[in-house]
Amino acid sequence: MNKRIRKSWILLLVISLWGLQSCQKDELISSEEEGLLELKSASMNTFYSSTVPVGNGVVRAFVTQSKNGNPIEVGINVSAKALEKLPNEMMQYVLELPRGKGNNFYTHVLFDWNPMGHEPPGIYDLPHFDIHFYTISNQARMEIPPMAPPYLDPAPDSMYIPPLHMELEGLVPQMGAHWVDLTSPELGGATFTRTFIWGSYQSEFIFWEPMVTRDYLLTMPDEIIPIPQPEAYQETGWYATDYKISYSSVKKQYTISLVNLVYHEAQ
């Protein structure tokens, strides 16, 4: 791709990806019930949210913490049957992480099903799931207003932004601003299978988002993908250096999670 075409294409991408606001679904299923404890070993425990029905199956969120309460992994489990008979309309589900677990760094997961994908055409218009891991409360997220392009939400300081990431114009209501990795394969012409988005609001990063196609999940992947890291971090907490997409033939479920969490002090 020559430089002139690529520059024009990126400009089109910035404008058209405002279509991510389509993640705001017509129906909301929310749960605030305390999760159950599953003992994993003497050194770590996993705590689950309640389940929500999706397709013919269920989805739940979880946080695995060390013996001293620090988060080790945060993610969702999607039962294999959840990929069957998915609705034809866009859906959004709120999964509240168990209170007081993982030092309360991650608070809830916003799980979206996009049966037609979203803009831009030819890139993200495949049936896929968006999984947003938030560090702000669900109430604070719900207060994020819509702002149409050419509005550009105030960006975090450059030292907090991972390399080669670009903020998209506009502000998706009840979600935030989206940052794309310009090195992602699908932005270079490859077929979209999975990608990773950073999310901010009013100069602070507030969510981290794997996007995964239904077709990719059906391949029963077992993959750990690096997450580009910034020079510094705004808030003291535990940040994932990788995200995982895997399938268990024993449990008959998919797991999409943030892994290899590292503690960073705010700078």
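How many of the eight residues of strand 12 (residues 194-201) are buried? Six of them are, and strand 12 is thus mostly covered. The points below begin with the whole chain and come back to this strand; the model under discussion is a predicted one.

1. Overall make-up. The protein has 267 residues, of which 54% count as buried, and its secondary structure comes to three helices and 16 strands. Where contacts between residues at least 6 apart in sequence are considered, 60% join residues at least 24 apart. The exposed area of the protein is about 12,100 Å², and carbon and sulfur atoms supply 54% of that area.

2. The nonpolar cores. In the largest nonpolar core there are 46 residues, and I76, Y106, F111, I131 and L258 are those with the most contacts inside it. Strand 15 (residues 237-248) gives this core its largest share, six residues. A second core of 10 residues is separate from it, and includes Y134, I144, A177 and F207.

3. Surroundings of F111. With neighbours within four places in sequence left aside, F111 is in contact with V54, V59, I76, V78, M91, Q92, Y93, L95, F129, D130 and I131. Two of these partners, I76 and I131, are named alongside F111 among the residues with the most contacts inside the largest core.

4. L97, a buried loop residue. L97 lies in the loop between strand 7 (91-96) and strand 8 (108-114), and its relative accessible area is 6%, so it counts as buried because the cut-off for that class is under 20%. Residues up to four places away in sequence not being counted, L97 touches A61, F62, V63, V74, Y106, T107, H108 and V109. The C-alpha atoms of L97 and V74 are separated by 9.0 Å, although these two residues are 23 residues apart along the chain.

5. Strand 3 and its partner. Strand 3 (residues 44-48) has four of its five residues buried, and is therefore largely enclosed by the rest of the structure. Strand 3 pairs with strand 5 (residues 57-66) in the antiparallel sense over five bridges, and within strand 5 it is Q65 that stands opposite N45.

6. K244 and T255. K244 lies in strand 15, while T255 lies in strand 16 (residues 253-264). The side chains of K244 and E73 are joined by a polar contact of 3.2 Å, and those of T255 and N77 by a polar contact of 3.0 Å. Apart from neighbours within four places in sequence, K244 is in contact with E73, E223, I224, T255, I256, S257 and V259. On the corresponding list for T255, which leaves out residues up to four places away in sequence, are F62, E73, I76, N77, K244, I245 and S246; K244 and T255 thus touch each other, and E73 is in contact with K244 as well as with T255. T255 is buried, with a relative accessible area of 11%.

7. Aromatic pairs. The count of aromatic pairs comes to 18. One of them, formed by Y134 and F207, is tilted, with 5.1 Å from centre to centre and 45 degrees between the planes. Y134 lies in strand 9 (residues 128-134) and F207 in strand 13 (residues 204-213), so this pair ties together parts that are 73 residues apart in sequence. Both Y134 and F207 are buried. The rings of Y233 and Y239 also make a tilted pair, because their centres are 4.6 Å apart and their planes stand at 35 degrees; Y233 and Y239 are both buried. Ring pairs further link F105, Y106, W179, W198, F205, W208, Y233, W238, Y239 and Y263 into a cluster.

8. Strand 12 again. Strand 12 pairs in the antiparallel sense with strand 11 (residues 177-181) over three bridges, and also in the antiparallel sense with strand 13 over eight bridges. W179 stands opposite W198 in strand 12, and both of these tryptophans belong to the ring cluster. On the side of strand 13, the bridge partner of T195 is M211. The hairpin of strand 12 and strand 13 has two residues between the strands, and in this hairpin Q202 takes a positive phi near 50 degrees.

Definitions and conventions: Residues are numbered from 1 along each chain as its sequence is written. This is a predicted model: local features need pLDDT of at least 70, side-chain atom pairs count only at pLDDT 80 or more; totals for chains, interfaces and linings use all residues. Side-chain values use heavy atoms; hydrogens and water are left out. A nonpolar core is a set of buried Ala, Val, Leu, Ile, Met, Phe, Trp, Tyr and Cys residues joined through side-chain atoms within 4.5 Å. Buried means under 20% relative accessible area, exposed over 50%, partly exposed in between (1.4 Å probe, protein chains only). Contact means heavy atoms within 4.5 Å. Accessible areas come from the Shrake-Rupley method with a 1.4 Å probe; for residues, only the protein chains shown count as cover. A polar contact is a pair of N or O atoms within 3.5 Å; within protein, one must be able to donate a hydrogen and the other to accept it, and residues adjacent in sequence count only if both atoms are side-chain atoms. Two strands pair if DSSP finds at least two bridges between them. Rings of Phe, Tyr and Trp (its six-membered ring) pair if their centres lie within 6.5 Å; planes under 30 degrees apart count as stacked, over 60 as edge-to-face and the rest as tilted.
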